[in-house]
Amino acid sequence: MTARVEFKQIKKRFDDFVALDEINLDIEAGDYAVLLGPSGCGKTTLLMILAGFIPPTAGDVLIGGQSYQHVPPSKRPTTTMFQDYALFPHMTVAANVMFGPRMRGISRRHAANRAMDLLEMVNLAGSHRKKPHELSGGQRQRVALARALAVEPDVLLLDEPLGALDLKLRRQMQDELKAIQRKVGTTFIHVTHDQEEAMAIADKIVVMNHGRIEDSGSADRVYLRPATRFTAEFMGEINLIPVKLSSQNGSSICLQSPFGVLELPSSALLTDTLRQGDTAQLGIRPEHFRLTDRTNALSLGIATVKSAAFFGAYVRALLSLEADPDRLLIAHFPQDSGISEGQRISIEIYRTSIIVLSN
Amino acid sequence: MPSEAALQRKGWAFVVPALLWTLAFFIIPFAVMVMYSLWQRAGTSLVKTWSFDNYASFFEKSHFVAGLINSLEITALVTVISIVLAYPLAWIIAERVSPRWQRMALILAILPFWTSYVVRSYAWLLVLSRNGYLNQTLINLGVIDTPLEIAATRVATVTGFVHFFVMLLTLTIYANLVQLSPNYRRAAADLGANGFQTFWHVILPLTIPGVMVGAFLTFVLCIGDYITPQILGGNNELVLPQIIMLQITRRADFPTAAALSIILMVVISIAYIACARWLKMERT
Amino acid sequence: MHRLRTIGVAGYLLLLYGFIFLPVVTLVLFSFQEGRFPIPPFNGPSLKWYQAVFSDNKLTSALFNSLMVALISSLVSCLLGFLAAYGFARYRLPGAAPIKAAITAPLTVSYLIIGFGLLVTFNMIGVSRSLLTVGIGHVVINTPLCFAIIYASMGDHQLNIERAARDLGANDWQVMLRVTAPMLLPSIIAAYFLSVTFSWDEFIIAFLLSRFDVTLPVEIWSLLRSGLNPKTNAVGSVVFLISVVIVLLLEFIIFRRGAPRDRKS
């Protein structure tokens, strides 16, 4: 019902295009993992290799510790939920869900019972006689989920399952997917390019770019302490400022920045390859700017608000520091902060939320 | 912004030329033909009194009814044989031929389509005639002693038709197969279906509507065709279009020809309605 | 098991392609026959029947007539079909469904019936049969074809491009001629050439509606009365060659779209 998945040095080449370059990745049994990255990063290819639709050029995949090289998709303990759902349009909802069990030789009566149980779980028990074209997008998605779970896979693969839904429905389906995964305990591997979706559902986020894994870990770790500059930028807006490492001792580091010399705790340093004198990137998330005095805060001096826009949960402002007037910084302030264009404000930042990334 | 009525007038202006042409050269001629079918021929002149005598005589004269039955039998036979032969060919091209060569394989499969229709039937006559290619080869191989009489029989007509419609149906069925999302096949395989099960439960049902459209096209073109039965079937077992042409060219009996044409059209319309209703049922 | 299937597939392909090509190969082969009959044994090759074809005035003028009728009638069909498709696709016309059905109706009626209907009508109003009446008949059968092909390719995605053109100051005619028609060019060309090949090969309407000047299929038909004759093989081969050249040109020049394989991540 659930299994650990290990990718061992997976490589995939299409002609002269390297789609995957030495992928090593472990996903624990029962985890909800999300492969996240821009289109063309290789995430769907990796999923298709796991499902058995595409053979890898080199490397192996272990499911539950067992290799499945040369095993066709029908004989693997995985099932896939396709992006276009691939519901069979000529069959009823119930017949779609029954298809897998029937193909595995389960009697019609047992298959029907299982189908009804699953349709009940996804709240579609009343629609079992309908054809797929009579359902809404969200309902089709649920049928696809029920159909994939009907064969009781160890690992369920979801290829951009929420891509076709509108924003509100997508948020709702995220919660449902997560709840269903908790209930059945199956390992879910989900592919998306939407980092908010990834953070909303994942136990483990795997960030991919150009056929490589950039970072993997829990949502908060990947967002707050990203392993690479690509991850930092892909997970959300971030201000990156070039700095130079001027000195380093046990508990703190000193950086030369456009707004003067900064002293930070050494935990801000997310890379261990930096030596004194090297250049690096200072990363500040927009929501980390503060208007008020606080202990342990680092003052950035006076800034001018170049523009401000109300974004619902926060006000998004572009700031120009007096110390470094040519650079625009993105900052989020509370709804009620009363920030407006042209205003001069004094800002600071919580020292431990700043990070330093290698170039 | 022009008013809605003005926009509509403009829209109709684009449609009017095609509509007028259809009216003048299709709908009115059809009405004239209906009118003729209600008139009679007496000697060399027309008697313009209205009656259903021509339709009545269709059912009285056994060779007219026999012509319709021949037409239906040949058409049914041709449609079934063509589908049975074309489906595997289309499937092999779509599934077994590498994508690089698919287009080439398809172009090759329908290349003889572009021979002149008249010439194609004539070419089959070359193959099937008493001293033709087929008989000579079979005699040389020692399979038969005396040449088979295939030309001027129903077998020749059916062969000529099947040749044409295998090409047509291969094209339509292939188009149907490749436009299916590959994810259907993947999903079926993923859920545990083997190759045959995937074909039987998923691919075949999904292509049946396309096959039905092709079958209907075959039916319409086959039942209305004059050339193939005339060249290959000769004057044995006449089909309805041959009888109609006889009325027009030999006997100059336009009223009877008109009545027979309308009977042919009614038959085609019944097939059309049946096919359309079936497709509609299939969709719901 | 796997081996057996491969053999089965290859055998089926061989059989079907053999069946499909048998008459064509026979036709072309015996057009080079030396003797008087296009039946085995083959003796040749000889080009004398091709010579006979090209020195036969009736055949060459029929070829010319066919080309003229095909090219001109297809032009009219395409124009009528395009205008109607544009009207239906770009304007909301109440009650359009029956009109659309009427325009496409000739597709489901046998050519024999269409030709005969025109014959009795022309007969009644005293129009004599000629290449013009043949052309009229061919426009009747090809307009719905052109309409259907062009209409099917007019999607909503082009609507916004046309709106953009209108927004930038183009009037209705400029939009149609400079934006819509060029965008639809592949399907218009496809419709035109399909219509040309249909008209060029059409027998029954041409037979019923022509009198002194005839088209090629009708001339070949009268040639058939002389029985099996290598000259008919030669004409047939020439027609086949012309059609194949047109089709291959279309395939390799106009519709050649390099389709790189989908690389989805």
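Two strands are taken as paired if DSSP finds at least two bridges between them, and helices (H or I, at least four residues) and strands (E, at least two) are DSSP runs, numbered from the N terminus. On this basis, chain A contains an open sheet of 5 strands with antiparallel pairing, in the order S13-S12-S11-S14-S20. The structure is a predicted model, in which local features need pLDDT of at least 70 and side-chain atom pairs count only at pLDDT 80 or more, whereas totals for chains, interfaces and linings use all residues. Residues are numbered from 1 along each chain as its sequence is written, chains are lettered from A and ligands numbered from 1 in the order in which they are written, and side-chain values use heavy atoms, with hydrogens and water left out.

The edges of this 5-stranded sheet are formed by strand S13 (260–265) and strand S20 (355–357) of chain A, each of which pairs on one side only. From one strand to the next the twist averages 45°, where axes are lines fitted to C-alpha atoms, for helices over the stretch in contact, and angles run from 0 to 180 degrees between N-to-C directions. Strand S14 (residues 279–284) of chain A is joined to S20(A) in the antiparallel sense over 3 bridges, and A:Gly283 has A:Ile355 of S20(A) as its bridge partner.

Chain A also holds an open sheet of 6 strands with mixed pairing, ordered S6-S7-S8-S3-S9-S10. Its edge strands are strand S6 (78–81) and strand S10 (212–217) of chain A, each paired on one side only, and the twist averages 20° from one strand to the next. Strand S9 (residues 204–209) of chain A pairs with S10(A) in the antiparallel sense over 5 bridges, with A:Asn209 standing opposite A:Arg212 in S10(A). Helix H4 (residues 137–149) of chain A packs on this sheet, touching S6, strand S7 (155–159) and strand S8 (187–192) of chain A, and its direction makes about 170° with that of S6(A); contact here means heavy atoms within 4.5 Å.

Taken as a whole, chain A has 8 helices and 20 strands, and its C-alpha trace spans about 75 × 45 × 35 Å along its principal axes. Of its 359 residues, 52% count as buried, a class defined as under 20% relative accessible area, with exposed over 50% and partly exposed in between (1.4 Å probe, protein chains only). Among contacts in chain A between residues at least 6 apart in sequence, 66% join residues at least 24 apart.

Between chains B and C, the axes of helix H5 (residues 117–128) of chain B and helix H11 (residues 216–224) of chain C come within 9 Å and cross at roughly 25°. The two helices, H5(B) and H11(C), are therefore roughly parallel to each other, a term applied to angles under 35 degrees. The contact involves B:Val118, B:Val119 and B:Tyr122 of H5(B) together with C:Pro217, C:Ile220, C:Trp221 and C:Leu224 of H11(C), and by class it has 7 nonpolar, no polar and no charged residues.

A search of the whole structure finds 0 disulfides over all chains, a disulfide being a pair of cysteine sulfur atoms within 2.5 Å. C:Cys78 is in no disulfide, although the sulfur of C:Cys146, the nearest cysteine sulfur, is 3.9 Å away, which is too far for a bond. C:Cys78 is buried, with a relative accessible area of 7%, and C:Cys146 likewise counts as buried, at 0% relative accessibility.

Note on methods: Angles under 35 degrees count as roughly parallel, over 145 as roughly antiparallel, 65 to 115 as roughly perpendicular and the rest as oblique. Ala, Val, Leu, Ile, Met, Phe, Trp, Tyr, Cys and Pro count as nonpolar, Asp, Glu, Lys and Arg as charged, and the others, Gly among them, as polar.
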